[in-house]
Amino acid sequence: MTRVALVLAAGSATRFGSDKLSATLNGEPLLFHAIRAARAAPVSRVIVVARPGLEIGDWQGSPSVDVVRIASEALSQSLQAGIAAAARAEGAYVFLGDMPHIPHHIASHLARAIGDGFAAMPCEGGHPGHPVLLSARAYPAIAGLTGDQGAGRLLRQRSDVVFVDCTDPAIHADVDVPADLAQLRGNQPG
């Protein structure tokens, strides 16, 4: 089965106050951690949906890392651009560029669990997190999203989403403001 990973990184990070995806964590940009997690997924390629000018790095080896540049900050348009680039894939993982500590093994668990489901998501403490694995059946519904709307509301309305139990709260840990990044720096694994 052919799957791809999307890394959504087109937003302007207005709540952060500066370019959060280029802010460093463990000596490298925040975005690079998300790309690394996406590359660890069982995928044929990674597609980074990025705003113009955002440095995505140089990634050698497999899976390849491609970039789709969009000027829109609307989450729906970022997701739609990624899905359009992944159109022939039988499934697409959605990673967020501001979530640097996604456990690398989660994507494989989602792939094993999805079956005929519309999507699969990790769930910790009763709350779904990221990444999300969308089946190709989800692509037409994604096309109908608008504004700063991601797939969350759509997935909550469906009964054919598979939830995979997870014990790692990192599936919820995103960076919205500088204090979030400071907290992640203070809670480094290892």
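In this chain, 68% of the contacts with a separation of 6 or more are between residues 24 or more positions apart. The model is predicted. Its secondary structure comes to six helices and 10 strands. Buried residues make up 51% of the 190 residues.

**Overall shape**
- The chain has a radius of gyration of 15 Å. A compact globule of 190 residues would have one near 16 Å, so the chain agrees with that expectation.
- Along its principal axes, the C-alpha trace spans about 40 × 35 × 35 Å.
- The accessible surface comes to about 8800 Å². Carbon and sulfur atoms account for 50% of that surface.

**The largest nonpolar core**
- This core holds 40 residues. Those with the most contacts inside it are Val 7, Leu 31, Ile 35, Val 46, Val 48, Tyr 93 and Phe 95.
- Three strands each supply at least two of its residues: β1 (3-9), β4 (45-50) and β6 (91-96). The helices α1 (30-39), α3 (106-113) and α6 (178-186) each do so as well.
- Helix α1 gives the most to this core, with seven residues.
- Val 46 shows how distant parts of the sequence meet. Leaving aside neighbours within four places in sequence, Val 46 is in contact with Ala 5, Val 7, Ala 38, Arg 39, Pro 63, Ser 64, Val 65 and Asp 66.

**A second core**
- Apart from the largest core lies another, of 27 residues. Among them are Val 49, Ala 86, Val 132 and Ala 151.

**Helix α2**
- Helix α2 covers residues 75-85. Its buried residues are Ser 76, Ser 78, Leu 79, Ala 81, Gly 82 and Ile 83.
- The cover over these buried residues includes the strands β1, β4, β5 (64-69), β6 and β9 (132-135). Helix α4 (139-143) is also part of that cover.

**Cysteines**
- A disulfide is a covalent bond between the sulfur atoms of two cysteines. The count here comes to zero disulfides.
- Cys 123 is in no disulfide. Its nearest cysteine sulfur, that of Cys 166, is 8.8 Å away.
- Why is there no bond between the sulfur of Cys 166 and that of Cys 123? The two sulfurs are too far apart for a bond, because 8.8 Å lies between them, whereas a disulfide needs sulfur atoms within 2.5 Å.
- Are these cysteines buried or exposed? Cys 123 is buried, with a relative accessible area of 13%. Cys 166 is buried too, with a relative accessible area of 12%.

How values were computed: Residues numbered from 1 in each chain as written. Predicted model: local features only at pLDDT ≥ 70, side-chain atom pairs only at ≥ 80, totals over all residues. Heavy atoms only, no water. Core = buried A, V, L, I, M, F, W, Y, C linked by side-chain atoms within 4.5 Å. Buried < 20%, exposed > 50% of the residue type's maximum accessible area, 1.4 Å probe, protein only. Helix = DSSP H or I, 4+ residues; strand = E, 2+ residues; numbered from the N terminus. Contact = heavy atoms within 4.5 Å. Rg over C-alpha atoms; globule rule 2.2 N^0.38 Å. Areas by Shrake-Rupley, 256 points an atom, 1.4 Å probe, with all protein chains shown as cover.
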